[in-house]
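Student: I would like a close look at one part of this model, the helix packing, followed by its surroundings. Please take it in one connected account.

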Amino acid sequence: MLGSYHNHPGYCDGSGSVEDYIDAARAAGLAALGFSSHAPVPFPCDWTMTVERFERYVADVRAAQEAWRGRFPLWLGVELDYLDPALVPGGAEFQRRVVLAVGLDYAVTSLHFVGRDPDGRPWAVDESAESFARQVKEVYGGDVRRLVEDYYGLVERLAGWAGTLGIPVVLGHLDKVKQWNVGERYFPERAPWYREAVERALDAIRGARLPIELNTSGLRRALGTPYPGEWILRRARELGIPVVIGADAHRPEDVASGFAEAQAILASVGYRAVLVLGADGWRSIALR
Ligand SMILES: [Zn+2]
Ligand SMILES: [Zn+2]
């Protein structure tokens, strides 16, 4: 009965065609499929769609929706960055005019950009291990705690913004900032300051009634844990924050990757239901 809503076909940094993903989703026994290529941003970025690619993407997904109507539910979404006004002046207006104006079915709202690179461009926390090391050093003078606190402060603001978009939204990979923290080489997740930053973000997420994603891509990396990790999921469950399972697939064969493990993790922290997308927005279905 599950759907998969965080998928990147080959229009941004993903690969595979829309039809390849549909084939993979049906073979995996999924009940629905959503597409979420990285939405265009108003500055040069090599992993988001250009405006021209976005137009092609929208046309291709809509054509597939038409072709599969009544046989397999397909949803047109994007992964939409939170562009803080201090970092990207006019970013939210650009998104409204260029991205949201086409009439999306939903969006995975994510935070990637924290601070600026030496060229003055917004700097994503997840580009590479080397890039993150430079970001900590060059933007924060080696103080990773300040970077992480800025990250979660921006997640709080994202929560307020996401509710204004007027379409169903889910917060992508809540603790993405831990991507390069393999073996806790940058910070201990048990540290009180880290937990407090996460708790403040969870409060804002609950206040905004924003569902979060259990993103399985961390399970496929050296990290070996999903986004978010188990203690954050447990807190989210205590706070009544609903969850959507997402693969963050960048190739068709990952469209349902880790979904069985995700369901087991959710059950182990007390979740009894997950959200799936319907014509009226998110609705809850029981976990098996
Ligand atoms: Zn992302
Ligand atoms: Zn993604």
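Student: At what angle do helix H4 (residues 129-140) and H5 pack, and how far apart are their axes?

Tutor: The model is a predicted one. In it, H4, residues 129-140, packs on H5 at an angle of about 95°, and the two axes are 9 Å apart. Angles of 65 to 115 degrees count as roughly perpendicular, so H4 is roughly perpendicular to H5. On the H4 side the contact is made by Gln-135, Val-136 and Tyr-140, and on the H5 side by Val-144, Arg-146 and Leu-147. By type, the residues of this contact divide into four nonpolar, one polar and one charged.

H5 spans residues 144-162 and also matters for the largest nonpolar core. That core has 84 residues, and those touching the most other members are Val-61, Tyr-151, Val-155, Leu-158, Ile-205 and Ile-212. Helix H5 gives the most to the core, with 10 residues. As a general point, nonpolar side chains in soluble globular proteins tend to be buried together. For Val-155, leaving aside neighbours within four places in sequence, the contacts are Leu-111, Leu-174 and Ala-201.

Val-61, another of the core residues named above, takes part in a second helix pair. H1 and helix H2 (residues 51-68) pack at an angle of about 45°, with their axes 10 Å apart. H1 is therefore oblique to H2. From H1, the residues Val-18, Glu-19 and Ile-22 meet Asp-60, Val-61, Ala-64 and Trp-68 of H2. This contact divides into five nonpolar residues, no polar ones and two charged.

The loop between strand S1 (3-4) and helix H1 (18-27) holds His-8. His-8 counts as buried because it has 25 C-beta neighbours inside 10 Å. Beyond four places in sequence, His-8 is in contact with Asp-13, Gly-14, Ser-36, Ser-37, His-38, Ala-249 and His-250.

Two residues in the loop between strand S7 (169-171) and H6 deserve a note, His-173 and Glu-184. Each is a residue other than glycine with a positive phi, near 20° for His-173 and near 55° for Glu-184. Their surroundings can be set side by side. His-173 is buried, since 26 other C-beta atoms lie within 10 Å, whereas Glu-184 is exposed, with 11 other C-beta atoms within 10 Å.

Further along the chain, the loop between S8 and H7 contains Pro-228. The peptide bond joining Tyr-227 and Pro-228 is cis, with omega about -10°. In H7 (residues 230-238), the buried residues include Ile-232, Leu-233 and Ala-236. These three cover an arc of only 100° around the axis, so they lie on the same side of H7. The general reason for such spacing is that an α-helix has 3.6 residues a turn, so residues three or four places apart point the same way. Among the elements covering the buried residues of H7 are helix H6 (192-207), strand S8 (212-215) and helix H8 (259-268). After H7 comes Gly-240, whose phi is positive, near 75°.

Definitions and conventions: Residues numbered from 1 in each chain as written. Chains lettered and ligands numbered in written order. Predicted model: local features only at pLDDT ≥ 70, side-chain atom pairs only at ≥ 80, totals over all residues. Buried ≥ 20, exposed ≤ 12 C-beta atoms within 10 Å, placed from the backbone. Helix = DSSP H or I, 4+ residues; strand = E, 2+ residues; numbered from the N terminus. Arc of directions from axis to C-beta. Contact = placed C-beta atoms within 7 Å. Core = buried A, V, L, I, M, F, W, Y, C linked by C-beta atoms within 7 Å. Axes fitted to C-alpha atoms, helices over the stretch in contact; angles between N-to-C directions. Parallel < 35°, antiparallel > 145°, perpendicular 65-115°, else oblique. Nonpolar A, V, L, I, M, F, W, Y, C, P; charged D, E, K, R; others polar.
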